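Thanks for coming. I have one model to go through today, and I will take it region by region.

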Amino acid sequence: MHRIDTHAHLIPPDYRKALSKANFDDAGGRALPDWSPEAALQAMSDLSVATAILSVSTPGTTFLPKPAEAAALARDINDYNAALVASRPDRFGFFATLPTPHFEQSVAEAVRALDELRADGVVLLANSAGTYIGQDGQDDLFAALDARAAVVFIHPADLPGPAVAGVLPFATDFLLDTTRAAYLLVRNGIRRKYPRIKFILSHAGGFVPYASYRMAVSIMSDTGRSLADSLDDFSSFYFDTALSSSAAALPTLLAFAKPGHVTFGSDFPFAPVAAGKLFAAGLEDYLAQDASTREAIERTNALALFPRLGSAHPPPGRSMIDEIRYRASRAAMRGMVRLIGTN
């Protein structure tokens, strides 16, 4: 168990109650899954994850329109996260929730979470109630994050506007949402103005690696910025592999991202363990002949972002029986991949 998972979620009990009270029972078109620290640790064992950096997914606090209420809920979430990490610092880290789009309150909570709670970074929804990360009026937040060389995990949310019947938001819209935020961060010069912030884009960056040249040309025609500068900004994001470690996506991602800028992600519990195993198997199989790149994605790239984890003692290795079970599971997953490929 050596992997560091930078895309793993939690649903604290009081947060679930707040969602239920507001009649939120799904995220991205999928029902809210069960979650507990014990379930997370079991999933981590199943996925060979040593440490998971936990974050609250969409809708964050955006269902609370009053700034004070959103800020209070964000504080409660972050206090819960900090206590959980303090109980198992070798197994858990956390990205602090900020009450966007209330940016004055978000600055205050970012400072508190990073300076006092020692959060490993912050999570920002690509859009919060229709306000995208990277739009005007957010400089105070980015300045605070840049001053702390913060890691910022960008996670998608439901797109502003009506859903399309038959299209589950998590399947396609989430990828566009992340891409829109990345586009604005590059187009509006935020990547250049705040170079110490390390942004991680969910799900291999949505469409960013695949559409980067098209987007860079658009920015050039719109603003006059050089094509090379925009491409450099896009490739300097970090990208996680959650639900994206496939033979179709990995070649483009690895060809585009700067060296050291890809990290492992499971998306648990919104992605069940079976899905996590499927995509982990895809990563293992694609990089079967490149152990150094696989090790970098699974662990060492994340250690560069979160150096405190380098001092944590890794969990003990698998026993012989666990190794037999693991290999049997891997064989079964390869069989599933072949079955899917023939249908």
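**The annotated span**

The C-alpha atoms at the two ends of residues 4–307 are 12 Å apart, and this span is 47% helix and 15% strand. What I am showing is a predicted model. The limits of the span come from UniProt, where an unreviewed entry gives residues 4–307 as "domain: Amidohydrolase-related".

**Two helix pairs**

Now the helix packing. Two packed helices are described by the angle between their axes and the distance between the axes. For helix 3, residues 67–87, and helix 4, the angle is about 15° and the axes are 10 Å apart. Angles under 35 degrees count as roughly parallel, so helix 3 is roughly parallel to helix 4. The crossing of helix 3 with helix 4 is right-handed. On the helix 3 side the residues in contact are Pro67, Ala71, Ala74, Arg75, Asn78 and Asp79, and they meet Gln105, Glu109, Arg112 and Ala113 of helix 4. Sorted by class, that contact has four nonpolar, two polar and four charged residues.

The second pair is helix 6 and helix 8. Here the packing angle is about 40°, and the axes are 11 Å apart. Helix 6 and helix 8 are therefore oblique to each other. Helix 6 and helix 8 also make a right-handed crossing. From helix 6, Thr179, Ala182, Tyr183, Val186 and Arg187 take part, and from helix 8 they meet Val208, Met215, Ser218, Ile219, Asp222 and Thr223. By class, the contact between helix 6 and helix 8 has six nonpolar, three polar and two charged residues.

**Leu185 and helix 5**

Staying with helix 6, residues 173–187, I want to pick out Leu185, which is found in that helix. Is Leu185 buried or exposed? Its relative accessibility is 0%, so Leu185 counts as buried. Which residues is Leu185 in contact with, leaving aside its neighbours within four places in sequence? They are Ile133, Gly134, Phe142, Ile154, Ile190, Arg191, Phe199 and Phe237. For a sense of spacing, Leu185 and Asp158 are separated by 27 residues in sequence, and their C-alpha atoms are 19 Å apart.

One of those contacts of Leu185 is Phe142, and that takes us to helix 5, residues 139–147, where Leu141, Phe142, Ala144, Leu145 and Asp146 are buried. What covers the buried residues of helix 5? The cover includes helix 4, strand 6 at 121–125, strand 9 at 151–155, helix 6, helix 7 at 190–193 and strand 10. After helix 5 comes Ala149, with a positive phi near 45°.

**Positive phi in two loops**

There are two further residues to look at for backbone geometry. Ser48 is not a glycine, yet its phi is positive, about 60°. Ser48 sits in the loop between helix 2, residues 37–46, and strand 4, residues 49–55. The relative accessible area of Ser48 is 6%, and buried means under 20%, so Ser48 is buried.

Ala204 is another residue other than glycine with a positive phi, in this case near 60°. Where does Ala204 lie? It lies in the loop between strand 10, residues 198–201, and helix 8, residues 208–223. Ala204 has 7% relative accessibility and so counts as buried.

**Cis peptide bonds and Thr61**

Next, the cis peptide bonds. Thr100 and Pro101 are joined by one, with omega about 10°. Pro101 is in the loop between strand 5, residues 92–97, and helix 4, residues 103–115. Phe268 and Pro269 are also joined by a cis peptide bond, with omega about 5°. For Pro269, the location is the loop between strand 12, residues 262–263, and helix 11, residues 273–286.

Thr100 comes up again through Thr61, a residue in the loop between strand 4 and helix 3. Thr61 has a relative accessible area of 1%, so it is buried. Not counting residues up to four places away in sequence, Thr61 touches Ala70, Leu73, Ala74, Ile77, Thr97, Leu98, Pro99 and Thr100. Among them, Ala74 is also one of the helix 3 residues that meet helix 4, and Thr100 is the residue joined to Pro101 by the cis bond.

That is what I have; I will take questions now.

Conventions: Residues are numbered from 1 along each chain as its sequence is written. This is a predicted model: local features need pLDDT of at least 70, side-chain atom pairs count only at pLDDT 80 or more; totals for chains, interfaces and linings use all residues. Side-chain values use heavy atoms; hydrogens and water are left out. UniProt positions are given in the numbering used here, feature names are shortened, and annotations may be inferred rather than shown by experiment. Helices (H or I, at least four residues) and strands (E, at least two) are DSSP runs, numbered from the N terminus. Buried means under 20% relative accessible area, exposed over 50%, partly exposed in between (1.4 Å probe, protein chains only). Axes are lines fitted to C-alpha atoms, for helices over the stretch in contact, and angles run from 0 to 180 degrees between N-to-C directions. Angles under 35 degrees count as roughly parallel, over 145 as roughly antiparallel, 65 to 115 as roughly perpendicular and the rest as oblique. A crossing is left-handed if the near helix is turned anticlockwise from the far one by less than a right angle, and right-handed if clockwise. Contact means heavy atoms within 4.5 Å. Ala, Val, Leu, Ile, Met, Phe, Trp, Tyr, Cys and Pro count as nonpolar, Asp, Glu, Lys and Arg as charged, and the others, Gly among them, as polar.
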